[in-house]
Structures are given as C-alpha cells and as structure tokens.
Amino acid sequence: MAPFGMRVALAAYEGVWASTLYPAADVLQSVNLRQLTGTFSWHIVTPTEQSVVSYSGQRITGDATMMDSGRYDWVVLPHFWGDFDRVLQVHPQVAPWLQQQYETGALIASVNSGAFWVAQAGLLQGRRATAYWRHIPVLKHRFPHVEWLEQQGSVEDAGLYTSNGQNAGMDWAMQAVER
C-alpha cells in the first residue's frame, strides 16, 4: 500500500472518553511501524475549531474539523459520557458529516455510546448493532428500526462496526486493520 494510503478520522466531541479515542491511534501507529510504511494516517477531528472537553476534563484540540477535513476511509466514534440530546444540540454537524463519510465509502466504527451517532445519522436503519447494555433500552426506544443485539461484543453490518465497550472496540480496530 502507498504511504498513508488509508485516512482515519478519530472523532472527538464533548464528554469523549480519551481512553476510547486514542487506542485506535496506537494500533494504527503499530501497524505503520511494523509495515515500515505509512499505511495509515489519522487526525483527531472535532465538530468545530473549538476544543472539546473530555469526560475527565482535559481539553482536546483537533487536527481538523468535520467541515474542512475531507474524505476519510475509516471513522472512529469513541464513547462519550453525558446526555445524548445535549451533546447533539452542541454538535449538530456530527450526524450529517457521518452520512457524508459513509456515502463516500468510509467504514464507520463506534465504541459503546458512539452508536448513538451512527443511529442518529440514519446509518443503522434496518441493520444490526450493539452498544453497552445500559444504553440498549434508550437506543431501542429512540431508534426502533435497528436490531439492537444486547449480548454481542461487536457487530459489523455493511461497513458499520459497533461495539459494547473498550475491549470490543480494540477487537474491531484489529479487524479493521486486518481488512
């Protein structure tokens, strides 16, 4: 593969758990070093130019914004803490950006509550998905046209990867790298 052949967006938004944002970058860097090529390039992508505040209170500044970042081959949606309606109100641009990325061929991968974004973008309609068990009742109510699989650690459906936690998120990161 040519240097930096696959572009990856690591999405960051209010309440993001840094522990679910950065592991994908570490996996990608490991692949780059082992392959001795720049197989992957990645950016922390934020909704706007403003930094976001992580769950643990650190400010995260993006390398690019969702409006000016271009097309990606893979988008990672980390877990976040907080009320989804509030986060959606603060970042209304996330769902349309996800739709655009998926329509241009990006794989979309979410960790735990990141599935809210994939569902909000309408990408999971008529598909199978998973998330952390505490989120499943709300997701079922809010997005009834998705088959929510409570007992699955990770689910892949049409290039949409959902996982129910950090460990499952690392599993799909490895699967996506393999793919």
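This dialogue walks through a few features of a predicted model, from a strand to a helix to some charged pairs.

Biologist: Let me begin with strand β1, residues 6–11: how many of its six residues are buried?

Modeller: A general point on strands comes first: in a regular strand the side chains alternate between the two faces of the sheet. Here, five of the six residues of β1 are buried, so the strand is largely enclosed by the rest of the structure.

Biologist: Which strand is joined to β1 by six bridges, and do the two run parallel or antiparallel?

Modeller: Pairing is read from the bridges between strands, and in this model six of them join β1 to β2, residues 40–46, with the two strands running parallel. To find your place along that pairing, look at Val8, whose bridge partner in β2 is Trp42. Strand β1 is also joined by three bridges to β6, residues 74–77, and this pair runs parallel as well. There you can take Leu10 as a landmark, since it stands opposite Val76 in β6.

Biologist: Turning to helix α2, what span should its 13 residues have, and how far apart are its end C-alpha atoms?

Modeller: The idea is to compare an expected span, at 1.5 Å a residue, with the distance between the two ends. For α2, residues 23–35, the expected span is 18 Å and the end C-alpha atoms are 18 Å apart, which agrees.

Biologist: Which residues of α2 are buried?

Modeller: The buried ones are Ala24, Ala25, Val27, Leu28, Val31 and Asn32. They cover an arc of only 165° around the axis, which puts them on the same side of α2. The face turned away from that buried side carries the exposed residues Asp26, Leu33 and Arg34.

Biologist: How many salt bridges does the structure hold, and which residue does Arg142 pair with?

Modeller: A salt bridge joins a side-chain nitrogen of Lys or Arg to a carboxyl oxygen of Asp or Glu within 4 Å, and the structure holds four of them. Arg142 pairs with Asp85, their closest N and O atoms being 2.7 Å apart. This pair links distant parts of the chain, with Arg142 in helix α6 (residues 136–142) and Asp85 in helix α3 (residues 84–90), 57 residues apart. Arg142 is partly exposed, with a relative accessible area of 30%, and Asp85 is partly exposed at 42%.

Biologist: Where does Glu150 lie, and where is Lys140?

Modeller: Glu150 forms a salt bridge with Lys140, with 2.8 Å between the closest N and O atoms. Glu150 lies in the loop between β9 and β10, while Lys140 is in helix α6, so the pair ties together parts that are 10 residues apart in sequence. Glu150 counts as partly exposed at 38% relative accessibility, and Lys140 is partly exposed with a relative accessible area of 37%.

Biologist: Is Asp73 buried or exposed?

Modeller: Burial is judged by a cut-off, under 20% relative accessible area, and Asp73, at 19%, is buried. Asp73 sits in the loop between β5 and β6, and it forms a salt bridge with Arg71, the closest N and O atoms being 2.8 Å apart. Arg71 itself is partly exposed, with a relative accessible area of 38%.

Biologist: What lies 2.7 Å from a polar atom of the Asp73 side chain?

Modeller: That is the backbone nitrogen of Arg7. Leaving aside its neighbours within four places in sequence, Asp73 is in contact with Gly5, Met6, Arg7, Gly105, Ala106 and Leu107.

Notes:
Residues are numbered from 1 along each chain as its sequence is written. This is a predicted model: local features need pLDDT of at least 70, side-chain atom pairs count only at pLDDT 80 or more; totals for chains, interfaces and linings use all residues. Side-chain values use heavy atoms; hydrogens and water are left out. Buried means under 20% relative accessible area, exposed over 50%, partly exposed in between (1.4 Å probe, protein chains only). Helices (H or I, at least four residues) and strands (E, at least two) are DSSP runs, numbered from the N terminus. Two strands pair if DSSP finds at least two bridges between them. The expected span of a helix is 1.5 Å times one less than its number of residues. The arc is that of the directions from the helix axis to the C-beta atoms. A polar contact is a pair of N or O atoms within 3.5 Å; within protein, one must be able to donate a hydrogen and the other to accept it, and residues adjacent in sequence count only if both atoms are side-chain atoms. Contact means heavy atoms within 4.5 Å.
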